[in-house]
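The following exercises concern a single protein chain. Each task is followed by a solution in steps.

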Amino acid sequence: MEQAPISNKTWELSLYELHRTPQEVITDNTEIAVSPRSLHSELMCPICLDMLKNTMTTKECLHRLVLICTCILYAIVNAYSNSSILCGLFLCGLDG
């Protein structure tokens, strides 16, 4: 079997990605309670309010969106702005 060539691709990391610290792994039998309301908000697209299926994540701030919502938002941002920042113009203001 032939090996695939090694990629020379370099990744551009944001300041957040460069300096973030990973969360500690839970190694005992600790249970964490999560309310259904909290869980629902984490699994819901902030644009169409549907459950997250077939998703994309924004690079700038890691919002998860349904794929079609990402495409629509990207088209709107490109049509009305010279910025390539997808999320910063719209979603980040919704976080309150």
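**Exercise 1: Overall architecture**

Buried residues, those under 20% relative accessible area (exposed is over 50%, partly exposed in between; 1.4 Å probe, protein chains only), make up 15% of the 96 residues in the protein. The model is predicted: local features need pLDDT of at least 70 and side-chain atom pairs count only at pLDDT 80 or more, while totals for chains, interfaces and linings use all residues. Residues are numbered from 1 along each chain as its sequence is written, and side-chain values use heavy atoms, with hydrogens and water left out.

Task: State the order of the elements and the confidence assigned to them.

Solution.
1. Helices (H or I, at least four residues) and strands (E, at least two) are DSSP runs numbered from the N terminus; the protein has three helices and two strands.
2. From the N terminus on, their order is α-α-β-β-α.
3. The predictor's confidence in each residue, pLDDT, runs from 0 to 100. Its mean for the protein is 76, and 73% of the residues reach 70 or more.
4. Among the elements, β2 has the highest mean pLDDT (87) and α3 the lowest (81).

**Exercise 2: The nonpolar core**

Task: Identify the residues of the largest nonpolar core and the element that supplies its largest share.

Solution.
1. A nonpolar core is a set of buried Ala, Val, Leu, Ile, Met, Phe, Trp, Tyr and Cys residues joined through side-chain atoms within 4.5 Å.
2. The largest such set has seven residues: C45, L52, L65, V66, C69, L73 and V77.
3. At least two residues of this core come from each of β2 (64-66) and α3 (67-80).
4. The largest share, three residues, is supplied by α3.
5. In soluble globular proteins, nonpolar side chains tend to be buried together.

**Exercise 3: The setting of T55**

Task: Locate T55 and list its contacts beyond four places in sequence.

Solution.
1. T55 lies in strand β1.
2. T55 counts as partly exposed because its relative accessible area is 38%.
3. Leaving out residues up to four places away in sequence, T55 touches L65, V66 and L67, where contact means heavy atoms within 4.5 Å.
4. T55 and V66 are eleven residues apart along the chain, and their C-alpha atoms are separated by 4.4 Å.

**Exercise 4: The position of L43**

Task: Place L43 in the chain and classify its accessibility.

Solution.
1. L43 belongs to the loop between α2 (36-42) and β1 (55-57).
2. Its relative accessibility is 34%, so L43 is partly exposed.
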